[in-house]
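Student: I would like a close look at a single part of this chain. Please pick one helix and walk me through it.

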Amino acid sequence: MLRTTLDRLPLSRPYLVVTVVAIGLFFPGWYRLAVQWLQFEQVLAHGLATFIIYLGLLVIHPPQPPSNHIQPRSFVSWAGALFLILTTLAWAILELVRIDTLAYLLLPPGLLFTSWALMGFARTLVFLPYVLLLSLSLPIWADLVPLLVSLASSVVGTWVHWFGMTALIEGNSITLPYGRLLIADGCSGIRYFAISILLGMMISILNDYRWRGWLATIAIAATLGLIANWVRITILVVIAYQTDMQSGIMTDHETMGWVVFAAFMLPALYFSPARRRSAKEGSEHISISPLRSGIAAIVIAVLIGPLALTVIQTGSSNNNKWTLALADFKPAAADTSPIPMSLPASLERTAWQSDELWVVMAQHQKSRPDEKLVPYLPPMFDRSIWHVEREIQPGHFIYRNIVSREQVALAQWYQVGNVQSWDYRKAKLLQIPAALKRESRFALVTIQVPCERLDCDKAEKALVTTTDKIQRQIAAENGS
């Protein structure tokens with residue numbers, strides 16, 4: 001094994017060098033990503049292991065040389081250099097305003113375009129599966145959790161009915177005669193899903209699959225990961241039903257989950273095809289010299305990327321905080337609203353109350369160049385208890401408490417400088433024009449009105465009227 005690895009090292013070395021160059025070029029992004037790996041959170045617990053597997057595959061099973069070993073000297077090589085420069089410029093803008101998710105998504109393209117610029121398109125094409133495997137280490141999995149929770153709730157609910165159990169299924173809540181089970185984010189199966197795809201990619205790379213076999217393997221692996229999680233949740237429901245919610249597995253089922261996952265994945269790994277490279281394939285050494293256009297692109301990328309980020313100091317305007325003049329309202333505690341909200345400590349909260357109407361404004365003012373204008377906002381209230389009943393209009397919803405059946409009309413929007421948005425992701429993008437305009441203010445405004453027992457018509461009208469009044473007041477204060 002060691003001798004084979006040493007024989008293949010000349011094939012691995014160029015890609016290892018490309019990896020080092022790309023990490024250096026986009027270092028702030030890779031550094032923050034590594035910090036997240038070391039936190040071992042649920043959605044990214046596999047991040048560090050994925051990076052180690054990526055390096056290991058490059059060393060013991062490097063990309064096979066393309067059939068055409070002629071170094072490209074045409075427009076194709078210059079295209080890689082151009083794409084690298086454009087990617088670095090886009091990444092630098094995102095880093096400037098700290099839109100981390102989009103900045104992370106540019107790291108794998110940056111690695112690919114670095115390879116393209118230095119080694120040409122053909123050698124980058126065989127490198128692509130390795131980069132896709134490394135992409136699994138990005139913090140993109142959290143966005144899939146709500147979808148996986150919804151899918152698991154639907155499938156498990158159907159299976160529970162097939163078993164003939166007495167159960168009331170409401171969204172991700174399963175109410176049994178002796179208690180209630182909640183398919184929360186931890187039950188989404190995101191870890192099993194991510195690790196299944198990782199194993200499928202490893203098999204595809206080790207077998208040198210072409211794209212058809214590669215996609216088929218990933219699809220099978222992902223499906224097995226999902227089914228394993230659904231079976232795990234169904235077993236928990238059956239145990240809860242049969243033991244009247246008294247089994248110890250209900251509170252400690254981590255080990256059981258991995259046992260179920262192994263029961264699906266180990267047979268799949270055992271029966272998966274295994275193809276070994278021939279000695280000729282593994283000993284075909286080719287000298288690779290970097291392209292001149294690639295070296296020039298690296299120099300330009302350094303100038304407009306990490307060097308520019310180090311030199312540029314983004315100032316901010318001395319904007320005052322927003323103030324609201326609300327007639328017939330009196331100051332209130334932010335945590336007394338009908339739907340309790342959990343907000344980051346970095347936001348300064350002010351609340352007002354008038355009869356059955358609550359207004360909460362949580363503000364933040366950017367004070368440092370490396371600080372985010374729109375901070376990270378975790379789920380602000382317990383969505384396992386408060387479900388969306390219906391949408392009145394953009395940003396206006398009726399929420400229902402599944403325990404007390406209470407209904408609350410709620411409107412919420414994000415004020416980024418002089419621009420408002422009903423969507424958090426759009427608000428993150430609005431940081432770019434706000435930074436160019438030297439805006440430093442952000443606010444999250446929430447209005448809540450409890451509904452009457454029979455209908456929400458009165459609450460809806462009060463919600464819309466108050467929203468329009470506050471938005472006009474903020475616009476007037478902005479001078480727009």
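Tutor: Here is the whole chain in brief, then one helix in detail.

This is a predicted model. The chain has 480 residues, and 48% of them count as buried. Its secondary structure comes to 17 helices and eleven strands. The C-alpha atoms fill a box of roughly 80 × 65 × 30 Å along the principal axes. Contacts often link distant parts of the sequence: among those with a separation of 6 or more, 74% join residues 24 or more positions apart.

Now the surface. The accessible area is about 24,000 Å², and carbon and sulfur atoms supply 63% of that. As for charge, there are 38 positive and 32 negative side chains. The centres of these two sets lie 12 Å apart.

Now zoom in on helix H6, residues 107–119. Start with its length. H6 has 13 residues, and at 1.5 Å a residue it should span 18 Å. The expected span counts one less than the number of residues. The C-alpha atoms at the two ends of H6 are 18 Å apart, so the model agrees with the expected value.

Next, is H6 enclosed or open? Twelve of its 13 residues are buried, so H6 is largely enclosed by the rest of the structure. Buried here means under 20% relative accessible area. Leu107 and Pro108 are among the buried residues. Others include Phe113, Trp116 and Met119. Small residues such as Gly110, Ser115 and Ala117 are on the buried list too.

Finally, look just past the end of H6. There, glycine 120 takes a positive phi of about 95°.

Terms used
Residues are numbered from 1 along each chain as its sequence is written. This is a predicted model: local features need pLDDT of at least 70, side-chain atom pairs count only at pLDDT 80 or more; totals for chains, interfaces and linings use all residues. Side-chain values use heavy atoms; hydrogens and water are left out. Helices (H or I, at least four residues) and strands (E, at least two) are DSSP runs, numbered from the N terminus. Buried means under 20% relative accessible area, exposed over 50%, partly exposed in between (1.4 Å probe, protein chains only). Contact means heavy atoms within 4.5 Å. Accessible areas come from the Shrake-Rupley method with a 1.4 Å probe; for residues, only the protein chains shown count as cover. Lys and Arg count as positive and Asp and Glu as negative; His and the chain ends are not counted. The place of a charge is taken as NZ of Lys, CZ of Arg, CG of Asp or CD of Glu.
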